[in-house]
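I'm opening my notebook on a new structure. The plan is to look up the sheet, then the holes inside, then the cysteines.

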Amino acid sequence: HSFWLIFGRAIISRNGLEAWMLFWNARARNTHVEATLNHPFAAQADRVVDMGFAAQVDSLVAYLPQQRQTMLFSATLAGFAGAPEAALSSRLGRLRGLVDSKTVEFVAARDERALVAGAAGEASQPTGAPTPKALDQCRVTCGLEEKMDALYAFVKAHLKCKTIVFVSSCAQARFLLEALRGTQPGVPLLALHGKQSQGKRTATFEDYKRKPAAVLFATDVAARGLDVPDVDWVVQLDAPEDAEAYVHRAGRAARNGRPGKAMLVLLPSEEPRMAELLDAAKIPVKKVAINSKRTFSAAKHVEALVAARPEVKALAQKCFSAYVRSVVLAADKALFDASKLPLKAFATSLGLANAPRVKLPGDTRAAEAARAEGHAAKNANRKLQKLKEQIAAAKAAKRGLAAAPATAAESSSD
């Protein structure tokens, strides 16, 4: 998830760590640099704290002037039509020091050409859909065991298109990349997910941008902050956690007025609840059926690949486990029902002879807490802490050098 901070002296970064690295580097050169930082801008502001940057936000805000203009940007910061004021205040409250939720003025899009400013309750009720008019949206219902074949058929039918396929976990993105590579579909395949290093993600993203046609398997790490102006299709192979997640995923297509298409793939058990969420958010997603005459089966290819390559079998097992855990740990139980998953058939579709045993937490709340701790550990800014220590050491050294001449002068006078 991208995070930019832009200040009066042109401190610009692509993510939270870079923002603080640049800030502390500036302080090392000029101890009063914070006096000029009076116009902070934060993109994807509703996710900054969620991604583990709360401590960094608070530490930086301590250096900002009391009188400042703070601008927060997000496609869903103000919520959807009819969003309660309390929910908006809670969301803004997570940013703590950056804003006072009682004094925020919203500027929201009524449609593609008109903006409206006002309080949260006024500006958070757009008359149009929160997705672009140029985005053609549809949803299909598909059994879990049929998803692999449906995906393979889609890729084969859109070889000249640039497509992003969203899945729930890194393990799924990795497995789908290897599985479809084995079928040689005739289009470049790439994967973008959180298990990759920042350098690898950047290289993959730039490679995808350069290609005239390609399929990118991605997790929600690609759902925000990435601008690829010529994406033809966004396929959500796994259901998003809510309507907001849907908007950000689908928003990778139809950018800057260019036409684009989005397809949402739902399990039969997910269809009623997701339809309810989309209708409540005024998102026009028409329901269509998969054309069985254009279906290609990838089962034999995937089964042979998994049997021949142990590393791909291991990826298939991780894919199975990661998907099941994502459903079990999902917050909206009306949308995600693990008891209705056809586990044996799902395993077979991944080329596995038997369904792997999945280690599930007995307490989902404890699991969520453990996952949050894992995110915090992963996002720990060790480089930033090291830089702070270096700055403190440099200042101490300067103070020592300044004190040395004075001591020498006192000794000579004695």
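**Entry 1: the middle of the sheet**

I started with strand 9 and strand 10 (residues 260-266), which run parallel and are joined by four bridges. For my own record, strands (E, at least two residues) and helices (H or I, at least four) are DSSP runs, numbered from the N terminus, and two strands pair if DSSP finds at least two bridges between them. Tryptophan 233 has lysine 261 as its bridge partner in strand 10. To get from strand 9 to strand 10 the chain passes through helix 8 (residues 243-250), and this β-α-β crossover is right-handed. I noted the rule for that: with the strands pointing away from the viewer, the path from the first strand over the helix to the second runs clockwise.

Before going on, I wrote down what I'm looking at. This is a predicted model, where local features need pLDDT of at least 70 and side-chain atom pairs count only at pLDDT 80 or more, while totals for chains, interfaces and linings use all residues. Residues are numbered from 1 along each chain as its sequence is written, and side-chain values use heavy atoms, with hydrogens and water left out.

Strand 9 also pairs with strand 6 (residues 162-166), in the parallel sense over four bridges. Here tryptophan 233 is the bridge partner of threonine 163.

Which way do the side chains of strand 9 point? Trp233 and Val235 go one way, Val234 and Gln236 go the other, and all are buried (under 20% relative accessible area with a 1.4 Å probe, protein chains only; exposed is over 50%, partly exposed in between). My textbook note fits here: in a regular strand the side chains alternate between the two faces of the sheet.

**Entry 2: the whole sheet**

I then wrote out the strand order of the open sheet of seven strands: 7-8-6-9-10-5-11, with parallel pairing. Strand 7 (189-192) and strand 11 (286-287) are at the edges with a single partner strand each, so one side of each has no neighbour in the sheet.

At one edge, strand 11 runs parallel to strand 5 (residues 135-141), joined by two bridges. Arginine 139 stands opposite lysine 287 there. At the other edge, strand 7 pairs with strand 8 over four bridges, and leucine 192 stands opposite alanine 218. Strand 7, helix 7 (residues 198-210) and strand 8 form another right-handed β-α-β unit.

Why is strand 8 (residues 214-218) largely enclosed by the rest of the structure? Five of its five residues are buried, so that explains it.

**Entry 3: holes inside**

How many cavities of 30 Å³ or more are there? I found six. A cavity is a set of points on a 1 Å grid over the protein atoms alone where a 1.4 Å probe fits but cannot get out, and lining residues have an atom within 4 Å of a point.

The largest has a volume of about 130 Å³. Its lining includes Leu144, Gln172, Cys319 and Phe346. The second largest holds about 50 Å³, with Ile164, Phe205 and Arg252 among its lining residues.

**Entry 4: cysteines**

Last, I checked for disulfides (a pair of cysteine sulfur atoms within 2.5 Å) and the count was zero. Cysteine 142 counts as buried because its relative accessibility is 2%. Cysteine 319 is at 3%, so it counts as buried too.

Terms used: On a 1 Å grid over the protein atoms alone, a cavity is a set of points where a 1.4 Å probe fits but cannot get out, and a pocket is an open set with protein on both sides within 12 Å along at least five of seven lines; lining residues have an atom within 4 Å of a point. Grid points are joined across faces, edges and corners, and a volume is the space filled by probe spheres set on the points.
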